[in-house]
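Visitor: I'd like a close look at one part of this protein, the way its side chains and helices pack. Could you walk me through it?

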Amino acid sequence: MKPRLIPALISLCLSVPALSMAAHPNDTEAFRWKLSDMYSTQTAWKDDAAKMREQLTQFQQCAGQLTATQAKFKACLDQYADIQKRFARLAVYASQFHDQDTGNTAGLDLQQQADILGNKLEEATSFLRPELIAAGAKKIDAYLAKDKSLQIYRQPLNDILRSSAHTLSKSSEQIVAQFGAATGTAAATYSTLSNADMPWPKVKLADGQEVTIDQAAYTKYRAAGNRDDRKRVFDAFWGKWKEFERSYGVIFYEQLKRDSVYAKVRNYPDSLTQSLDGNNLPRAVYDTLISQTRANLPTLHRYFRLRANMLGVKDLQYFDIYPPLVSGNFVYPIDQGVKFMLESVKPLGDSYATAMQKATTAGWMDVYPRPRKRSGAYMNGAAYDVHPYILLNYNDDYESVSTLGHEWGHAMHSYLSNGTQPFITSDYPTFTAEIASTTNEVFLLDHMLKIAKTDEERLLYLGSALENLRGTFFRQAMFADFEREVHARVDKGESLTGEELSKIYTEILKSYHGDKEGVMKIDDTYGIEWAYIPHFYNRFYVFQYATSIAAGSMFADSILQGKDGARDRYLNILKAGSSAYPYDLVKSAGVDLASPAPYQAVFKRMNDIMDQIEVILSRKK
């Protein structure tokens with residue numbers, strides 16, 4: 001069996017550097033997570049890590065004997081599951097301990113120890129897949145039929161048997177596992193260059209302030225109210241990345257070649273097929289997402305024209321996409337944000353809402369920004385018999401409220417899955433993970449519009465939802481489009497330089513943003529943006545944000561409309577974990593992500609939001 005993937009950073013892919021890591025005045029212990037729920041001390045963690053190492057040594061007795069008898073089979077699988085569960089808790093604690101203070105050497109040490117444990121776990125369990133496949137379905141099915149307690153392993157075992165054509169011999173699997181510790185060079189180099197070694201440019205703003213435009217500053221000042229400042233920031237930031245185009249091209253090309261080699265080693269025709277096969281996803285899901293997105297780019301272009309109108313800009317440029325559509329003194333303290341969130345999820349039923357309410361005061365989340373705390377936001381739900389953990393950098397604005405609802409959607413997904421499934425099937429892939437978060441965002445918007453007292457408030461909420469659809473659906477689909485193209489070229493044996501990667505990305509970027517149609521002009525320099533995206537070092541990952549928001553829109557609409565069984569069908573997905581393949585789970589609940597329907601629902605939702613904004617704007621004339 002493949003080591004259980006730990007969903008440590010489920011929503012990290014859409015998090016961004018915090019705008020300010022200064023300590024929040026309300027940052028007290030009452031608003032921090034309780035890591036003691038996992039381990040009382042670091043010594044307790046190390047003791048448990050030692051126990052895991054002992055288990056790994058004992059587990060080697062299963063090698064060559066895994067399916068010798070039914071009793072041995074059960075004992076080995078149970079031992080495997082227990083080791084995985086222990087590692088999950090160890091990994092979560094190490095990650096959270098480090099993230100609450102990234103400058104603490106003790107946290108870095110724990111995280112490194114956890115990484116080493118993970119590599120040892122993969123090596124120690126590498127014999128499982130080959131031995132299970134060698135035993136065959138007939139023998140395994142017979143064991144499962146005789147002992148009902150083994151039924152919890154049915155889905156993961158079937159998944160392994162399904163992949164028999166892509167599993168190597170025992171010795172080859174061991175070699176591949178050992179190479180796992182040495183194949184992260186491209187991603188590590190990218191991270192170091194982009195976060196630690198990049199010589200960031202300085203920019204003098206219109207008010208005379210000189211600012212170093214690193215990644216956090218770029219995130220902040222790209223939304224500046226002064227248009228000239230936005231252009232200065234874009235030109236300086238992307239100009240600096242452009243200087244390193246050759247180096248980033250080499251780095252990313254190495255990543256693409258690695259992915260291609262792994263696909264060939266495992267007998268897949270290409271990288272995309274291998275990636276999708278991990279969760280048994282039909283190729284039609286990926287291709288339909290991109291074809292539907294491209295066919296409906298006029299909806300995105302309509303948004304850009306609306307944005308230009310609201311900003312009072314006649315010649316919309318790429319540096320105009322980040323300023324908020326509505327400005328105002330809107331403040332949402334955490335208590336109020338939690339209140340709005342709890343009220344918004346009432347359509348999911350009393351049981352869901354009550355469980356969420358209790359959890360918000362149970363030490364599950366670290367709320368406020370502070371120096372050296374990890375930026376962004378994510379949920380970690382892998383500590384199976386403890387509870388999920390949420391990292392926030394709450395800044396009392398509406399985006400913080402939206403992020404709060406998003407991450408708690410993840411947390412409740414883990415809560416329901418962990419409470420329903422045995423550990424071995426409690427995990428769930430990104431393909432279903434983001435459905436839980438994006439569905440809750442739809443509920444939040446619906447609630448906020450109902451309680452809004454002024455048109456300015458309504459515009460704030462509608463504008464936020466609109467920008468979320470641009471960033472979470474269209475932008476991620478654009479990334480997926482780019483990934484499909486560059487991986488396909490390398491799979492065919494073609495070379496790619498940084499310059500060529502920029503040409504490919506620029507063409508896609510201009511197409512999505514309506515450059516030829518006169519919707520938005522994009523400077524060719526900004527085509528280096530591909531080098532800035534860390535998600536590309538986790539192949540074919542981001543498309544699932546787009547598919548999830550499509551499914552979430554359909555589920556939320558059905559629930560809000562009170563359609564018979566809609567709520568239960570949706571909650572059953574959250575409770576199912578990985579007990580079935582994600583595409584099948586979603587389809588059985590009424591949403592086929594290989595068909596145009598869910599994507600059409602996104603476009604309809606986006607147009608409905610723009611209709612509402614235009615009605616409000618017409619009243620303000």
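Visitor: To start with, how many aromatic pairs does the count come to?

Guide: Keep in mind that this is a predicted model. With ring centres within 6.5 Å taken as a pair, the count comes to 50 aromatic pairs. Let's zoom in on one of them, Phe 482 with Phe 536. Their ring centres sit 5.2 Å apart and the planes make an angle of 40°, so this pair is tilted; the cut-offs here are under 30 degrees for stacked and over 60 for edge-to-face. The two rings come from distant parts of the chain, 54 residues apart. Phe 482 belongs to helix 18 (residues 455-491), while Phe 536 is in the loop between helix 19 (498-513) and helix 20 (543-560). As for solvent, Phe 482 and Phe 536 are both buried.

Rings also turn up beneath charged side chains. Arg 222 lies over the face of Tyr 322, 3.8 Å from the ring centre. Arg 89 does likewise over Tyr 39, at 5.8 Å from the ring centre.

Now for a helix pair. Helix 16 (residues 398-420) and helix 17 (residues 430-451) have axes that come within 8 Å and cross at roughly 135°. That angle is neither over 145 nor in the 65 to 115 range, and the two helices are therefore oblique to each other. The crossing of helix 16 past helix 17 is right-handed. On the helix 16 side, the contact residues include Tyr 398, Trp 408, His 406, His 410 and His 413, plus Gly 405 and Gly 409. Helix 17 contributes, among others, Glu 434, Asn 440, Glu 441, Leu 444, Leu 445 and Met 448.

Technical notes
Residues are numbered from 1 along each chain as its sequence is written. This is a predicted model: local features need pLDDT of at least 70, side-chain atom pairs count only at pLDDT 80 or more; totals for chains, interfaces and linings use all residues. Side-chain values use heavy atoms; hydrogens and water are left out. Rings of Phe, Tyr and Trp (its six-membered ring) pair if their centres lie within 6.5 Å; planes under 30 degrees apart count as stacked, over 60 as edge-to-face and the rest as tilted. Helices (H or I, at least four residues) and strands (E, at least two) are DSSP runs, numbered from the N terminus. Buried means under 20% relative accessible area, exposed over 50%, partly exposed in between (1.4 Å probe, protein chains only). A charge sits over a ring if NZ of Lys or CZ of Arg is within 6 Å of the ring centre and within 35 degrees of the ring normal. Axes are lines fitted to C-alpha atoms, for helices over the stretch in contact, and angles run from 0 to 180 degrees between N-to-C directions. Angles under 35 degrees count as roughly parallel, over 145 as roughly antiparallel, 65 to 115 as roughly perpendicular and the rest as oblique. A crossing is left-handed if the near helix is turned anticlockwise from the far one by less than a right angle, and right-handed if clockwise. Contact means heavy atoms within 4.5 Å.
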